[in-house]
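Work through the exercises below with the sequence and the model open. Each task is followed by a solution in steps.

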Protein chains: 4
Amino acid sequence: MEIEIATIGGYEEVGRQMTAVRAGNDIVIFDMGLNLSKVLIHDNIRTEGMHSLDLIDMGAIPDDRIMSDLEGDVKAIVPTHGHLDHIGAISKLAHRYDAPVVASPFTIELVKGELADEQKFDSGNDLVKMDAGETMSIGDSGKVELEFVNVTHSIIDAINPVLHTPEGAVVYGLDKRMDHTPVIGDPIDMKRFREIGREGEGVLCYIEDCTNANKKGRTQSENVAREHLRDVLYSMEDYDGGIVATTFSSHIARVKSLVEFAKDIGRQPVLLGRSMEQYSGTAERMGFAEFPDDLGMFGHRNSVDRTFERIMNEGKEDYLPVVTGHQGEPRAMLTRMGRGETPYELDDGDKVVFSAGIIPEPTNEGQRYQAEKLLGMQGARIYSDIHVSGHLRQEGHYEMLDALQPKHVIPAHQNMKGFSGYVDLASNQGYKLGRDLHVTCNGNLIQIV
Amino acid sequence: MEIEIATIGGYEEVGRQMTAVRAGNDIVIFDMGLNLSKVLIHDNIRTEGMHSLDLIDMGAIPDDRIMSDLEGDVKAIVPTHGHLDHIGAISKLAHRYDAPVVASPFTIELVKGELADEQKFDSGNDLVKMDAGETMSIGDSGKVELEFVNVTHSIIDAINPVLHTPEGAVVYGLDKRMDHTPVIGDPIDMKRFREIGREGEGVLCYIEDCTNANKKGRTQSENVAREHLRDVLYSMEDYDGGIVATTFSSHIARVKSLVEFAKDIGRQPVLLGRSMEQYSGTAERMGFAEFPDDLGMFGHRNSVDRTFERIMNEGKEDYLPVVTGHQGEPRAMLTRMGRGETPYELDDGDKVVFSAGIIPEPTNEGQRYQAEKLLGMQGARIYSDIHVSGHLRQEGHYEMLDALQPKHVIPAHQNMKGFSGYVDLASNQGYKLGRDLHVTCNGNLIQIV
Amino acid sequence: MEIEIATIGGYEEVGRQMTAVRAGNDIVIFDMGLNLSKVLIHDNIRTEGMHSLDLIDMGAIPDDRIMSDLEGDVKAIVPTHGHLDHIGAISKLAHRYDAPVVASPFTIELVKGELADEQKFDSGNDLVKMDAGETMSIGDSGKVELEFVNVTHSIIDAINPVLHTPEGAVVYGLDKRMDHTPVIGDPIDMKRFREIGREGEGVLCYIEDCTNANKKGRTQSENVAREHLRDVLYSMEDYDGGIVATTFSSHIARVKSLVEFAKDIGRQPVLLGRSMEQYSGTAERMGFAEFPDDLGMFGHRNSVDRTFERIMNEGKEDYLPVVTGHQGEPRAMLTRMGRGETPYELDDGDKVVFSAGIIPEPTNEGQRYQAEKLLGMQGARIYSDIHVSGHLRQEGHYEMLDALQPKHVIPAHQNMKGFSGYVDLASNQGYKLGRDLHVTCNGNLIQIV
Amino acid sequence: MEIEIATIGGYEEVGRQMTAVRAGNDIVIFDMGLNLSKVLIHDNIRTEGMHSLDLIDMGAIPDDRIMSDLEGDVKAIVPTHGHLDHIGAISKLAHRYDAPVVASPFTIELVKGELADEQKFDSGNDLVKMDAGETMSIGDSGKVELEFVNVTHSIIDAINPVLHTPEGAVVYGLDKRMDHTPVIGDPIDMKRFREIGREGEGVLCYIEDCTNANKKGRTQSENVAREHLRDVLYSMEDYDGGIVATTFSSHIARVKSLVEFAKDIGRQPVLLGRSMEQYSGTAERMGFAEFPDDLGMFGHRNSVDRTFERIMNEGKEDYLPVVTGHQGEPRAMLTRMGRGETPYELDDGDKVVFSAGIIPEPTNEGQRYQAEKLLGMQGARIYSDIHVSGHLRQEGHYEMLDALQPKHVIPAHQNMKGFSGYVDLASNQGYKLGRDLHVTCNGNLIQIV
């Protein structure tokens, strides 16, 4: 059976992920993501009403025109998890394919939200939930099967899809960290990866998340971030003024830790901002996270402002608002707090906790610097970088190669510079560029079998 | 009562700490340290037989000649903890003063070791043990008292000495991290610091450890490093080859975690190297740390080599040697392993765990780079920076100022560049250079009252 | 005679310089500057109509309230050169003092411009021109004299004022580079500095420009930047598309080199932007720089746009526009070119030459990054950092100490971190903190005699 | 005619360059270099007596065993210039091929030196001199021709070889900077490159020097370094103590500038060290550089020491020794001066000029740091980084693509991370990975036609 891989998006950047695997006549698409930075560099662009081709020209969504070179039928569109760089283009591209979107339950909920916001296109694709550990037959040959393996990432319910073919398994490895104590959900299923590496024809091809491929060592467990965060918040136990925290709103495990530790130090946590409300609300409704009954979540500007007013009236020392703005985005809530534009007033000595890293780009660094300056001008004390990455570092890559022993590897989720650490590592393990180590770019077809 | 402070050493560098406080006619000296880097830049120098004046000229030990300008008698020499930059000059300078060395029990043991190695001078000074929480009268006035407050650092049994005078307390704040979960020993005694800040005349002067004064946020607890280390070692549980770890040999809490986690993953830990044996052996004998009965500690070259041979014979997969060499020192054990000069042979995939940061200096960075290169050439996988600093960052400084509310502050344990972050912070809190914020250098006298 | 120095502004930042020297009853103020970054961090603030006290509270202009502690009369306000951080607060503060503004001719012209823009205050101060090499008597004692020594900086007609007193000279050393081949104007007058160091009582006090005090080596001459720029522009001689350059509009020597090299490679230079027109026009009218007769300078938006249209019609290959926007300021002309908002259209391969460094602050770095991204999206090729600093590095400081041999030194024009390199250097030369090396902050008085 | 390219060495590192091009049955080898850092990481290895296979295993010289997969006969071995990473393996590998070494005259002289030092192998290869601008027929087909195009690099007499085939030209682009004012020798022959790009079949393949491919902008001309150096040395004209300079001994243009400016400021230059004597002596004998008649060059330790003694006797202020040690090599002359191990004694204020950058690797950075520390301890003032790179940056790459318009490009002289900037640039220009942009590694064959 012919196996071909189309590397459509996310092979020259972090963002707009999209890869298609053809096994005989059956095609499965992994991820359809959005590169948000390509949108934000323009002033005042709203993507909801934009046409796909314009977004492709901007480099914001994958250029899927190469799909016409793949002979076969798309049988499934499989986003691996609910981050925008993996699901953000579904509303713009999925309607072109007569295939269901198959994903884990939490991811499906987030895809639904994306489709609801879309104003230009109507997607009629079925939305099919499949859990980690489950499999699904692909096409009519009876020989191709899709399996979800549980992985750990900075969002819950992330999986790595595996396409089992007669020539071996194609493992799509985006995005993950190798976490044995992930705070929420099950540890990464390394046992299953090792089995896949050894059963049947083994692994034909492994597509790897190279986000951190230039970083040495091992990515820390979410549990380490949790202990770090606990240490920080507990150290503030005696403080009788305001404490504000921010983190990725999609990072349910982190939000849960914040909520828990707020309670531990005698404060009422409250989640503020539209995305905070959406992600955490969804996670709670679906049973992924249990939050205290009295946890407030407020998304609309009016209810947020009312909440701030109530906090100011009842006493800042009793609350811990968790807000948006961890990248210093100029219009985010935390930056507005720095500008004194919200009812919540910062006083000298108040604490601001950034449970997030800076996404490494000078624009973000500049904005975050400004946000911290503004907060500092209000008297706030800054606690930053209480965070661990959601992506494997080099020793994780090493362990994955050891577990899967793939015949071919394809670095993904970076540009060439980002791939370079992975190329060095894979070369040391005996892979060779141009033979079984495929450094590629957006819009290429790789014939594996 | 006149209060005068002599800033003798460690005010232009990290290293060779020494400060004297005169209260009336009674003088107490805090720390007498060695700046090792000033020794190592010369080839083949051994300090044991060297004269004080030569070491002073090299900048290796404090230039205590300014002591003759202080009118009064030295009543005690008080090292705060057992690191060389705080006790390393006692063997060279203490004999000039007719005063006992007063320190915590573990520190006294390490001072004894220093004095035993000394070849040039004979120190007749009494060695007096005093525990954190205890006090001692200084001089005959009945008005001056020395108190030890328990603090947390990267070595056990560290204290901050407080000299109570009729004019208020002089708090000598070197070296510490604000750790509420220090793995070994009690948390930092913030309650006592807050009391001292409020009782009697309050705090007249605070001398602060500025090692990390240019770093934002809060230094993590040893417990976070422990969870990080646990995560790393547990992730290796299934590996059936060699695992080697290195850390600061004086860092008993870290050594203990290494020993514990080695057991947890089914390996026999063994401590190798002269300093490993000394520090851990002393800590165990004194009851600071409980180690497993079968834990081997070997210091002499012959017994180390025999241990390596036994490990190679019985199977690397059953052992976890903890060795010296975390800075890539050219002659340390780990570097020699990289050069293939020990009986322990590294194989492809073997793990080397650096539970230590690189002390930031280009020389160290170059050596560590070389050591990692050599280890990598043997096939080793490197896990580095599993560590937290032993020194306060800015938010710790902020909290100390808040707790002590000192009338005067003196930044120490850095050079001018290192002080700069502290000066900014203290200025923001209302202190003013030249009035109550004293940026000074080695060899100055500051008249406080 | 009592000599006292008030360090009013620019001792905790680069910006809002102001220092007063009292010699007996006569006071001279050196510089009254604006810290622009403290203005820009707020959205939409215009300083022209603001009150001094509000600007002081923002940290934008010097807090001169300490002047009331100086007993004596202000006899002159002496800005050293025309940069905003040295003259930008004159319009807000000078009217409080009954004293003339004394400066070099070009500086006086720029001060006039500042006063003309001011909307809140009316300054009645006389504006007195004095050339480098000239002197003026200060006060009625007959014993105090003001001298201007020619120095070299990134703006023309910069001087270092020297206040000769019976106790020795007070040399105010802001801002300069030690340039023997400055392209426009005379080399730095090191001969005179050496004389001042040796004549009469020598130098009592030297206030040094520490902007680059943490940088090793020697600041390059403007002539090196010129050769670098020549090399870059000549390498484009055969290019037949658009070339655009940007630099500091106040940097007349650089503008002149750009104009000259544009001609050399067969292009018509044209200066665009309000500040470009102002600085270069003034310099030309005053005879500091000779520009070609046909050099266009356009400041108003309309005439700029018309010029761009003419260039597009006649052919980009015949022109070299020199525009504003070297820091990537969001609303500057070059950034707008990147956004496609001007009539000048960039094509693939067009060259953009940044003859300026990035002023080191994350905000600038983020903006510049964005500007370059936008220009790159239009196809532009970027040539950056064709520049040398206008400030001494360490070897310049070393030479100044050697020339002047001052009894006292005061580092200025930086914060504590910036001073640190100078403190190290001066300490190595025998100065001592707290004795003759005065590390100070805004709002201090230093009694020298 | 089949055209095949073997990328043998220098495609995973900077060092051990070797590339073979097969045109039909005729093979030409470009470069045979040594990776010195792979030798130096081992203690006390001398390569002169070592076998090729051991050096291959160490990664020190190219693994040329892939040559057996190329069907055809080697007709020429063509080093592009005389740096060790291009000629350093000739003595170890050339004897395996029955072909002459063809190179520019200066390069041939340096190859002779290499062969003379070799102790293990006897190379019987003819040494053939060919000048830039000349051509030579390759093989008997009458269809393949070798041309040398003059380029500019940090060593004189550098060329880029071009293999003209019926399928188009193969241009081997290592190593060069695009220099129109190279101080010694002719400017880069861009006119000829542009012709080659347009004549006949154009350029089939271009192999590019990617050393600086991650650096923006344009590499400065040697003339800019010269003006920088002039500025530094002229600024020392009045100094009456010792001045010492160091640079790459193979960098004749720089040495010549040093010699010239030494004379200009009234000092007698003298070249000290074995390699200084060799390179400059050879360049002078061959007429590449004219040095003053009285310029001393001394290589042997004894004559160097005698020269230092004479300088100390006659007065340091009259001399300017140019010595080895620009990377802080522990045993180099300058480092020994820092340790006080030479008869030349440094005094406070003496100047040390590093007209060289630090080759970016932590080992070098550590050694250079130590060397500067040691020199500083003797009182020396350090002037560093008076240098420009010998390698193209991105705008040079852009111009080369524009001039040659090659059908295929192969990045070389770096590792994957180093290639990444070039891949981005070439992709922007329309090349595509896997189609006409060949990112490869050591030991690959690329079939172009």
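The exercises cover the relation of the two chains, their contact, an annotated loop and a helix pair.

This is a predicted model, in which local features need pLDDT of at least 70, side-chain atom pairs count only at pLDDT 80 or more, and totals for chains, interfaces and linings use all residues. Residues are numbered from 1 along each chain as its sequence is written, while chains are lettered from A and ligands numbered from 1 in the order in which they are written.

**Exercise 1.** Find the turn and shift that lay chain B on chain A.

Solution. Superpose the copies by least squares on the C-alpha atoms of residues with pLDDT of at least 70 in both. A turn of 180° with a shift of 0.0 Å along the axis lays chain B on chain A at an RMSD of 0.0 Å. The two copies are therefore related as by a two-fold rotation axis. In chain B, the C-alpha nearest this axis belongs to Val224(B), at 3.2 Å.

**Exercise 2.** Determine which elements of chain B touch chain A.

Solution. Count two residues as in contact if their C-beta atoms, placed from the backbone, lie within 7 Å. Chain B gives 23 residues and chain A gives 23 residues. On the chain B side, the elements with two or more residues are helix H7 (222–234), strand E17 (381–383) and helix H13 (394–404). Helices (H or I, at least four residues) and strands (E, at least two) are DSSP runs, numbered from the N terminus. H7(B) has the largest share, 7 residues. The same surface serves both copies, as 100% of the contact residues of chain B recur in chain A.

**Exercise 3.** Is His387(A) buried or exposed?

Solution. A residue is buried if 20 or more other C-beta atoms lie within 10 Å of its own, exposed if 12 or fewer, and partly exposed in between. His387(A) has 22 such neighbours, so His387(A) counts as buried. His387(A) lies in the loop between E17 and H13 of chain A. Beyond four places in sequence, His387(A) touches Ala225(A), Ser355(A), Ala356(A) and Gly357(A). An unreviewed UniProt entry places a "binding site" at residues including His387(A) and Val388(A); such annotations may be inferred rather than shown by experiment.

**Exercise 4.** How do H7(A) and H8(A) cross?

Solution. Fit axes to the C-alpha atoms over the stretch in contact, with angles from 0 to 180 degrees between N-to-C directions. The axes of H7(A) and H8(A) come within 10 Å and cross at roughly 30°. Angles under 35 degrees count as roughly parallel, over 145 as roughly antiparallel, 65 to 115 as roughly perpendicular and the rest as oblique. H7(A) is therefore roughly parallel to H8(A).
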